Amino acid sequence: MKKLIIIGIVLSTITMNNVNYITARSSSVTLSDVGDFVTDNQEFPNGELIFTDKYSVTVEQGNNKNYLVVYNIDPADVASGDIDNHFKINSSDYSFAFDVPLGRNYFSTLEYSVKPLNASVNSEISGIVFFIKNEYASWNEDDYFSIPEKSEWFGFDICPYIFPHYYTGNCKVGDINGDGYVSATDSAKTLQLYSVFQSQTDFELHEKQIEFADLNNDKLVTASDSALILSAYAQSQVS
């Protein structure tokens, strides 16, 4: 059985049917490929842990766990239940701490604890965690979590999996949802972020959230930033 040890990893990408799988690599240790755990065949021909033909997958070493991270999940897929057509877990070879139909609950992070049922399958992964693009509500849209706090809990930075556009080098300040435009939607999301920050005790913002929502450069995210985004959008519409 292959052993998974992640030390000083470098991530490289392999592609299967247009789905990106990120493979952990290191010059000092031998690592299992993400492909050992992921398949684009719903029959799980080699005892893989999950099926997906749409979402991105990587491995993260967290707090005493090796996580299989599923991300780039479209919020519309969750709302419609279409996620069930693009993602499945192998319940024949593995058991899970709980079973929640992914398309029936609004979530941004949801963790499955994994326990192999079949001794012949891979056992290096002890958890699966899911991230929806641009969303960080736990079980409903009113229950937001602090990204730094959740990152500490998991043992790795989760912000790149929720807001990948912040890391491309092409995202504009004020473009909160990463659609390439600064719009009224971004203004509303900034105001929402400010409201959560004001209403939830000890709620902490990630540095990337501040970087792209702080238009007046005061190192805070406030209603003033939301107004500036809306003003920038209005000017773009008349220019």
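**Burial, packing and core contacts in a predicted model**

Mentor: In this predicted model, Lys208 counts as buried because its relative accessibility is 16%.

Trainee: In which helix is Lys208 found, and which residues are in contact with Lys208 once neighbours within four places in sequence are left aside?

Mentor: Lys208 belongs to helix 6, which spans residues 207-213. With neighbours within four places in sequence left aside, the contacts of Lys208 are Cys159, Tyr166 and Tyr167.

Trainee: Does Gly155 count as buried, partly exposed or exposed?

Mentor: Gly155 is located in the loop that lies between helix 3 and helix 4. Its relative accessibility is 33%, and buried would require a value under 20% and exposed a value over 50%. Gly155 therefore counts as partly exposed.

Trainee: What separation do the C-alpha atoms of Gly155 and Gln61 have?

Mentor: Not counting residues up to four places away in sequence, Gly155 touches Gln61, Gly62 and Asn63. Gly155 and Gln61 are 94 residues apart along the chain, and their C-alpha atoms are separated by 7.4 Å.

Trainee: How many residues of strand 10 are buried?

Mentor: Strand 10 covers residues 127-132. Gly127, Val129 and Phe131 point one way, Ile128, Phe130 and Ile132 point the other way, and all are buried. The count for strand 10 is thus 6 of 6.

Trainee: In strand 10, which residue is the bridge partner of Ile73?

Mentor: Strand 6, residues 66-73, pairs with strand 10 in the parallel sense over 5 bridges. The partner of Ile73 in strand 10 is Ile132.

Trainee: Which residues of the largest nonpolar core touch the most other members?

Mentor: In soluble globular proteins, nonpolar side chains tend to be buried together. The largest nonpolar core here has 28 residues, and strand 6, strand 10, helix 3, helix 4, helix 5 and helix 6 each supply at least two of them. The members that touch the most others are Val69, Phe131, Tyr136, Phe156, Ile158 and Ile162.

Trainee: How are helix 5 and helix 7 oriented to each other, roughly parallel or roughly antiparallel?

Mentor: Helix 5 (residues 184-199) and helix 7 (residues 223-238) pack with their axes 8 Å apart, at an angle of about 180 degrees. Angles over 145 degrees count as roughly antiparallel. The two helices are therefore roughly antiparallel.

Trainee: By class, how many residues in the contact of helix 5 with helix 7 are nonpolar, polar and charged?

Mentor: Helix 5 contributes Ala184, Asp186, Ser187, Thr190, Leu191 and Tyr194, which meet Ala223, Asp225, Ser226, Ile229, Leu230 and Tyr233 in helix 7. By class, this contact has 7 nonpolar, 3 polar and 2 charged residues.

Terms used. Residues are numbered from 1 along each chain as its sequence is written. This is a predicted model: local features need pLDDT of at least 70, side-chain atom pairs count only at pLDDT 80 or more; totals for chains, interfaces and linings use all residues. Side-chain values use heavy atoms; hydrogens and water are left out. Axes are lines fitted to C-alpha atoms, for helices over the stretch in contact, and angles run from 0 to 180 degrees between N-to-C directions. Helices (H or I, at least four residues) and strands (E, at least two) are DSSP runs, numbered from the N terminus. Angles under 35 degrees count as roughly parallel, over 145 as roughly antiparallel, 65 to 115 as roughly perpendicular and the rest as oblique. Contact means heavy atoms within 4.5 Å. Ala, Val, Leu, Ile, Met, Phe, Trp, Tyr, Cys and Pro count as nonpolar, Asp, Glu, Lys and Arg as charged, and the others, Gly among them, as polar. Buried means under 20% relative accessible area, exposed over 50%, partly exposed in between (1.4 Å probe, protein chains only). Two strands pair if DSSP finds at least two bridges between them. A nonpolar core is a set of buried Ala, Val, Leu, Ile, Met, Phe, Trp, Tyr and Cys residues joined through side-chain atoms within 4.5 Å.
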